[in-house]
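Q: I have a new model open and I'd like to learn how to read it. Could we start with the aromatic rings?

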Amino acid sequence: MTAFEAAGVVVFAWCIDHACGEPSARFHPVVWMGGYLRRAGHRLPALAPRWALVGGALAWSVGAALVVAIACLIEVGLTHVLAPLADAARVTLTILLLGLVLKPMFAWRMLRDEVLAVERALDIDLAAASQRLSRLVSRDVHALGETDIREAAIETLAENLNDSVIAPLWWFAIAGLPGAALYRFANTADAMWGYRGRWEWAGKWAARADDVLSWIPARLTAGALLVLSPRHWPACAREAKRTPSPNGGWPMSAVALALGIRLTKPGVYALNANARSPRQGDVAAAVRLARRAAGIAVVMLTILAAARASL
């Protein structure tokens with residue numbers, strides 16, 4: 001893949017996301033990954049801790065190997081199939097076809113729309129907003145008040161700006177389609193298996209793998225969110241340590257500091273604790289901030305993808 005093709009793939013995939021959003025579940029690779037994880041993990045939590053850990057690691061590794069192998073076959077196969085074509089046709093088809101495959105690995109439009117839908121639901125009543133929020137978070141939403149719902153929506157936006165947008169594109173820039181696919185698999189596995197409770201041991205490998213793969217992108221995401229207010233970076237580094245996750249606190253702290261609001265999860269963390277609580281308009285402001293950060297990151301990662309391809 002040439003530098004122009006690599007850059008074109010990122011740009012075209014980003015345009016597809018803005019224009020079309022997500023493909024149907026029937027054709028969505030992340031849904032297929034979830035299907036594998038659901039079947040492979042069906043019996044894991046019932047095993048003794050040691051065997052649950054081993055089984056979880058093996059099932060994760062098999063799934064990751066399959067995902068990477070398929071992505072490699074697509075990338076290399078397209079290169080060989082299109083090689084005989086004239087340069088203009090080959091470049092155009094490479095960008096179009098790889099862009100179509102890359103698009104499901106990230107989801108900015110869906111994230112934006114779902115978060116804004118929570119704020120619109122608050123104009124109806126708390127029950128409608130709670131129902132909408134339950135599509136985004138795993139916590140119990142039924143006892144949350146208006147402020148709690150806004151906090152949870154903004155936290156989800158910040159964390160998923162990394163997990164669902166910037167991190168997959170980072171790994172595409174670093175390792176091509178196999179890198180993006182591997183990250184998407186790892187993040188999906190963490191979402192499905194990485195919880196505590198009955199998944200304490202079976203999901204440990206998945207959780208740690210996601211931590212490793214998200215380490216750099218999470219900090220890149222925070223940097224993109226704070227690009228217009230770099231003075232907050234030292235505070236962001238301090239605040240990020242308050243969350244149990246080694247990565248999730250970075251984008252959440254960056255949003256809290258950039259908007260001058262407090263983000264809390266009762267009994268777990270309080271970020272920018274001395275600031276005011278989110279109020280009407282702050283969810284939309286957070287989306288605007290995230291949109292700008294995503295745009296900055298996409299430009300940077302397009303350049304990085306082109307630079308890697310030119311080596």
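A: Sure, with the rule first: rings of Phe, Tyr and Trp (its six-membered ring) pair if their centres lie within 6.5 Å; planes under 30 degrees apart count as stacked, over 60 as edge-to-face and the rest as tilted. Here Y36, W60, F185 and W205 form one aromatic cluster. Bear in mind that this is a predicted model, where local features need pLDDT of at least 70 and side-chain atom pairs count only at pLDDT 80 or more, while totals for chains, interfaces and linings use all residues. Residues are numbered from 1 along each chain as its sequence is written, and side-chain values use heavy atoms, with hydrogens and water left out.

Q: How many aromatic pairs does that rule give?

A: The count is six aromatic pairs. One of them is W14 with F106, which is stacked at 5.8 Å centre to centre and 20° between the planes. W14 sits in helix α1 (residues 3–20) and F106 in the loop between α4 and α5 (108–122), so to speak distant parts of the chain, 92 residues apart. Helices (H or I, at least four residues) and strands (E, at least two) are DSSP runs, numbered from the N terminus.

Q: Are W14 and F106 buried or exposed?

A: Buried means under 20% relative accessible area, exposed over 50%, partly exposed in between (1.4 Å probe, protein chains only). Both W14 and F106 are buried.

Q: What kind of pair do W233 and W250 form?

A: That pair is tilted, with 5.3 Å centre to centre and 40° between the planes. W233 lies in helix α9 (residues 233–240) and W250 in helix α10 (residues 249–259), so the pair ties together parts 17 residues apart in sequence. W233 is partly exposed because its relative accessible area is 33%, whereas W250, at 13%, counts as buried.

Q: Which residue lies over the face of F106?

A: A charge sits over a ring if NZ of Lys or CZ of Arg is within 6 Å of the ring centre and within 35 degrees of the ring normal. K103 does this for F106, at 5.0 Å from the ring centre. R219 lies over the face of W215, at 3.9 Å from the ring centre.

Q: What is the volume of the second largest pocket?

A: On a 1 Å grid over the protein atoms alone, a pocket is an open set of points where a 1.4 Å probe fits, with protein on both sides within 12 Å along at least five of seven lines; lining residues have an atom within 4 Å of a point. Grid points are joined across faces, edges and corners, and a volume is the space filled by probe spheres set on the points. The second largest pocket comes to about 360 Å³. Of its 17 lining residues, P29, W32, M33, V67 and I70 are the closest to the centre. Helix α3 gives the largest share of that lining, six residues.

Q: What catches the eye about phi at N272?

A: Most residues other than glycine have a negative phi. N272 has a positive phi of about 55° although it is not a glycine. N272 is found in the loop between β2 (269–271) and α11 (282–310), and it is buried because its relative accessible area is 17%.

Q: Which residues does L257 touch?

A: Contact means heavy atoms within 4.5 Å. Not counting residues up to four places away in sequence, L257 touches H232, A235, C236 and N272. L257 is found in helix α10.
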